[in-house]
Amino acid sequence: MPLQLPILPLATPNQRYSCHGCGSCCRDFSVQLRDADVRRIEQQRWQSELGFDPVVQFRGQRYLRQRADGACVFLQEDGKCRIHARDGFAEKPLACQMFPYTLSPDAHVSRLGVSFACGSVTANRGDPLRGQEVEALRIALRGIPESLAVTPNAPLAKGLRSQPGELEALERRVVRWIDSAHPLSTRIDGLGWIAQTLSAAKLASVRGDRWTELLDILLGALPDELAGPPLMPATSRQRAMLRGAVFARTEDPKPLAAGAPSRARATVQQLLRSMRWQRGRSTAVIPSIGLGWPTGARFGAVDSMPPAVGSEDSTLIDELVTRWLRTRVEGGRVWGSGAYGWSAVDGTAALALSVATVGWVARWHAVASGRASVTLADMQAAVGRIDRTAGRAPWLGGAAERWRTAYLLRDHGMRRVLRDQWFSA
Ligand code: SF4
């Protein structure tokens with residue numbers, strides 16, 4: 001099937017990427033499969049060649065099976081893909097062909113984005129993305145997969161269809177704020193404020209040009225609003241919500257790797273881990289998420305770790321987080337098809353929550369490494385881990401995540417968890 005939509009290149013001006021062949025996407029990434037991928041793998045008769053089914057199920061989705069060390073079962077000792085080596089690039093699952101690129105279609109275009117799960121993207125190594133990658137993708141993919149077919153534009157808010165120009169107006173202003181000269185902690189606090197304010201606003205009567213005017217008024221008022229009376233730290237319930245959000249964003253189907261426990265046992269283990277995360281007793285060791293994750297750190301130590309903004313690497317961390325946020329917004333991965341069909345208002349709130357989880361995971365990495373402050377490496381790991389599931393973990397579009405986000409939008413909860421992670425005391 002030919003491509004149906006023009007691909008819009010990533011607008012983020014300073015994002016670079018070239019594949020450096022590190023292979024981490026084959027060792028540390030769970031490859032989700034579409035129907036067409038599963039059919040193709042069956043036609044390729046891998047089950048009889050490997051002696052086991054290379055496709056596994058996790059929470060209603062199908063994935064490529066992984067080895068006990070977490071690597072893809074198709075990764076060869078020479079670091080190459082077995083499907084690619086035997087049958088060619090175009091025979092691999094779509095996710096493998098595209099990585100680290102993402103496509104988020106709407107009614108008119110498909111937006112190109114990049115995943116920060118790729119170390120080269122996170123470290124900004126390689127060629128500048130100037131649009132040439134669009135043509136390369138077009139040739140490589142040879143056709144648009146059914147999952148990337150035309151989809152409706154995101155709603156503006158729950159029950160409110162977006163009108164022409166409204167989503168773009170919000171996108172431009174969010175990007176302008178993210179890219180502004182304010183300190184990173186202020187810009188992050190402001191993102192939480194924007195999410196809270198839009199969620200509380202009655203938007204049905206503020207459409208078209210009035211929507212744009214409203215956004216300009218809000219952004220104009222933002223610096224003064226943020227300088228208002230100090231907020232209390234997050235409550236224990238709000239902190240539990242944040243830990244739940246971290247767990248949901250870092251959950252991984254690796255329990256279903258070859259040699260792993262049965263599905264029933266894996267499900268029970270996952271539930272118990274989730275409950276321990278929710279409780280988050282300060283003296284408790286943080287339950288393992290999986291292979292390659294920090295071990296040994298205690299919840300209380302993470303809460304005591306200073307936020308990243310005061311660290312020696314704060315300038316580099318600022319550049320990374322700003323670039324990541326811009327690519328998320330400009331790559332179409334905050335609302336609409338790139339974010340489980342979330343409305344623009346709800347998706348902005350979910351993005352703010354993701355920023356809080358990045359701050360928490362970076363501090364966790366620093367604690368587990370025995371450091372006294374968060375380094376650029378900790379932040380790169382955190383951004384990579386949180387961005388890995390963005391748009392590809394169906395449970396992040398489900399009722400639990402919506403309830404968690406809505407809860408934190410009350411009583412300044414979103415700003416309070418953001419400030420706990422990103423503001424120095
Ligand atoms: S993680 Fe990125 S740099 Fe490493 S092999 Fe995959 S695409 Fe290439």
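Here are legends for a set of close-up views of this predicted model.

**Figure 1. The whole chain, 18 helices and five strands.**
Start with the big picture: the chain holds 18 helices and five strands. Its C-alpha trace spans about 65 × 50 × 40 Å along the principal axes. A compact globule of 425 residues would have a radius of gyration near 22 Å, and the chain has 21 Å, which agrees. Of those 425 residues, 44% count as buried. Now think about contacts between residues with a separation of 6 or more: 75% of them join residues 24 or more positions apart.

**Figure 2. Where domain 1 touches domain 2.**
The chain is split into domain 1, residues 7-148, and domain 2, residues 153-425. Their C-alpha centres sit 25 Å apart. Across the boundary, 38 residues of domain 1 are in contact with 30 residues of domain 2. On the domain 1 side, β2 (55-58), β3 (61-64), β4 (101-105), β5 (110-114) and α6 (119-123) each chip in at least two residues. Which of these elements gives the most? That would be β5, with four residues. Sort this side of domain 1 by class and you get 15 nonpolar, 16 polar and seven charged residues.

**Figure 3. The shell around the ligand.**
Twelve names are worth finding here: Cys19, His20, Gly21, Cys22, Gly23, Ser24, Cys25, Phe99, Pro100, Cys118, Gly119 and Ser120 are the residues around the ligand. Two elements, α1 (24-27) and α6, give two or more residues to this shell. What classes of residue make up the shell? It has six nonpolar and six polar residues, with no charged ones.

**Figure 4. A cis peptide bond at Pro100.**
Zoom in on two members of the ligand shell, Phe99 and Pro100. The peptide bond joining Phe99 and Pro100 is cis, with omega at about 5 degrees. Most peptide bonds are trans, so a cis one is worth a second look. As for where to find it, Pro100 is in the loop between α5 (94-98) and β4.

**Figure 5. Helix α14 and what covers it.**
Helix α14 runs over residues 314-330, which makes 17 residues. At 1.5 Å a residue it should span 24 Å, and its end C-alpha atoms are indeed 24 Å apart, so the two agree. Quite a few of its residues are buried, among them Ile317, Leu320, Val321, Trp324 and Leu325. An α-helix has 3.6 residues a turn, so residues three or four places apart point the same way. The buried list also takes in Arg323, Arg326, Arg328 and Glu330. What covers the buried residues of α14? The cover includes β5, α8 (166-178), α9 (184-200), α15 (344-368) and α16 (376-388). After the helix comes Gly332, with a positive phi near 70 degrees.

**Figure 6. Helix α15, largely enclosed.**
Next up is α15, a helix of 25 residues. From its first C-alpha to its last it reaches 36 Å, close to the 36 Å expected at 1.5 Å a residue. Why call it largely enclosed by the rest of the structure? Because 24 of its 25 residues are buried. Just after α15 you meet Gly370, which takes a positive phi of about 75 degrees.

**Figure 7. Ala356 and its neighbours.**
Stay with α15 and pick out Ala356, which is found in this helix. Is Ala356 buried or exposed? It has 30 C-beta neighbours inside 10 Å, so it counts as buried. Set aside the residues within four places in sequence, and Ala356 is in contact with Leu242, Val417, Leu418 and Gln421. Take Val417: it is 61 residues from Ala356 in sequence, yet the two C-alpha atoms are 6.4 Å apart in space.

**Figure 8. Two loop residues with a positive phi.**
Most residues other than glycine have a negative phi. Arg45 has a positive one, near 55 degrees, and it lies in the loop between α2 (35-43) and α3 (46-50). With 9 C-beta neighbours inside 10 Å, Arg45 counts as exposed. His412 isn't a glycine either, and its phi is positive at about 60 degrees. Look for His412 in the loop between α17 (399-408) and α18 (413-422). His412 has 18 other C-beta atoms within 10 Å, so it is partly exposed.

Technical notes:
Residues are numbered from 1 along each chain as its sequence is written. This is a predicted model: local features need pLDDT of at least 70, side-chain atom pairs count only at pLDDT 80 or more; totals for chains, interfaces and linings use all residues. Domain bounds come from an automatic or database domain assignment. Two residues are in contact if their C-beta atoms, placed from the backbone, lie within 7 Å. Ala, Val, Leu, Ile, Met, Phe, Trp, Tyr, Cys and Pro count as nonpolar, Asp, Glu, Lys and Arg as charged, and the others, Gly among them, as polar. A residue is near a molecule or strand if its C-beta atom, placed from the backbone, lies within 6 Å of it. The radius of gyration is taken over C-alpha atoms; the globule rule is 2.2 Å times the number of residues to the power 0.38. A residue is buried if 20 or more other C-beta atoms lie within 10 Å of its own, exposed if 12 or fewer, and partly exposed in between; C-beta atoms are placed from the backbone. The expected span of a helix is 1.5 Å times one less than its number of residues.
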